[in-house]
Amino acid sequence: MNIRDKVLLVEDERTIRSFMQAILTANGYDVLMAGTGAMANTMIASHCPDIIILDLGLPDMDGMTILRNVRKWSKVPILVVSARSHERDKVEALDAGADDYLTKPFDIRELLACINALLRRQGPQVDQVTLGNTALDLGACTLVCGEKRVQLSAREFDVMRILLRSQSTILSKEVILARVWGYDSDAVENHVEVYVGFLRKKLHSIGSNIRIEAVRRLGLSLIHISE
Ligand code: CA
């Protein structure tokens with residue numbers, strides 16, 4: 001089955017957005033749209049797009065802020081499409097982790113070529129962490145077990161990645177909290193439990209033979225149940 005690539009289009013100008021949506025849809029992409037930075041942040045975390053097309057001049061925040069935030073946890077290709085045409089804007093965006101930069105007005109063929117190139121570049125290097133019969137696909141934010149796969153939200157993905165990377169070492173909830181939510185967030189250990197609950201359901205749904213075990217007073221660890 002050929003799964004269509006999911007493009008998140010972050011653009012506040014309605015006419016440009018509709019125009020780009022029409023072009024991208026006609027070229028076989030699934031298009032998600034965000035008109036504000038806040039909406040973009042939510043959609044990036046919950047929909048794990050395959051590529052993000054990012055405008056920099058947004059009504060509620062600078063696109064550069066979104067770019068820097070996303071790069072803290074994801075390698076998803078980001079193509080900046082902006083009216084800012086100074087060389088220093090381009091350099092700043094590329095330094096912050098943008099994969100490419102197009103200046104408005106752009107040529108549609110150039111836009112499509114950029115998207116294609118970035119998706120292909122992402123394609124073959126499927127990076128994954130494995131335990132037992134289960135793999136975490138780091139590019140697609142999915143848990144994979146044989147033929148079955150399940151999409152993870154950004155938080156679920158971060159928690160799972162930390163657990164998998166530490167393999168069977170016990171991690172305290174405090175450590176997980178600090179690494180996933182950051183030291184200065186308002187999140188509490190209960191947040192970790194909630195996300196672990198989501199992950200247990202997802203692991204179960206794909207028939208994984210790994211379990212997230214709670215170790216009394218110490219924290220959490222992954223165990224691999226052999227048949
Ligand atoms: Ca704009």
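**Notebook: sheet, calcium site and hollows**

I began with strands 1 and 2, which run parallel and are joined by 5 bridges. Within this pair, I found Leu-8 opposite Leu-32 of strand 2. A reminder to myself: this is a predicted model.

**The sheet as a whole**

Next I followed the strand order. The sheet is open, has 5 strands in the order 2-1-3-4-5, and pairs in parallel fashion. Which strands stand at the edges? I noted strand 2 (30-34) and strand 5 (100-103); each has a single partner strand, so one side of each lacks a neighbour in the sheet. I also looked up the twist, and from one strand to the next it averages 20°.

**The calcium ion**

Which protein atoms serve as donors of the calcium ion? I listed Asp-12 (OD), Asp-55 (OD) and Gly-57 (O), at 2.2 to 2.4 Å from the ion. Along the chain, these donors have the spacing D-x42-D-x1-G. I then placed two of them: Asp-12 sits in the loop between strand 1 (6-10) and helix 1 (14-26), while Gly-57 sits in the loop between strand 3 (51-54) and helix 3 (63-71). This pair is 45 residues apart and links distant parts of the chain.

Are these two buried or partly exposed? Partly exposed covers the range between 20% and 50% relative accessible area. Asp-12 has 28% relative accessibility, so I entered it as partly exposed. Gly-57 has 37%, so it goes down as partly exposed too.

**The cavity**

I searched the whole structure for cavities of 30 Å³ or more and got 1. The largest cavity holds about 60 Å³ of space. Its lining consists of Ile-44, Cys-48, Pro-49, Trp-73, Ser-74, Val-76, Gly-139 and Cys-141. Sorted by class, I have 6 nonpolar and 2 polar residues there, and no charged ones.

**The second largest pocket**

This pocket has about 390 Å³ of space. It is lined by 14 residues, and those closest to its centre are Asn-69, Lys-72, Trp-73, Arg-155 and Asp-158. I was pleased to meet Trp-73 again, as it also lines the largest cavity.

Which helices each supply at least two residues of the pocket lining? I wrote down helix 2 (37-47), helix 3, helix 6 (154-165) and helix 7 (173-181). Helix 6 gives the largest share of that lining, with 5 residues. By class, I recorded 7 nonpolar, 2 polar and 5 charged residues around the pocket, whereas the cavity lining has no charged residues.

Key: Residues are numbered from 1 along each chain as its sequence is written. This is a predicted model: local features need pLDDT of at least 70, side-chain atom pairs count only at pLDDT 80 or more; totals for chains, interfaces and linings use all residues. Side-chain values use heavy atoms; hydrogens and water are left out. On a 1 Å grid over the protein atoms alone, a cavity is a set of points where a 1.4 Å probe fits but cannot get out, and a pocket is an open set with protein on both sides within 12 Å along at least five of seven lines; lining residues have an atom within 4 Å of a point. Grid points are joined across faces, edges and corners, and a volume is the space filled by probe spheres set on the points. Ala, Val, Leu, Ile, Met, Phe, Trp, Tyr, Cys and Pro count as nonpolar, Asp, Glu, Lys and Arg as charged, and the others, Gly among them, as polar. Donors are N, O and S atoms within 2.8 Å of the metal (3.2 Å for Na, K and Ca); water is not among the atoms, so sites may look incomplete. Helices (H or I, at least four residues) and strands (E, at least two) are DSSP runs, numbered from the N terminus. Buried means under 20% relative accessible area, exposed over 50%, partly exposed in between (1.4 Å probe, protein chains only). Two strands pair if DSSP finds at least two bridges between them. Axes are lines fitted to C-alpha atoms, for helices over the stretch in contact, and angles run from 0 to 180 degrees between N-to-C directions.
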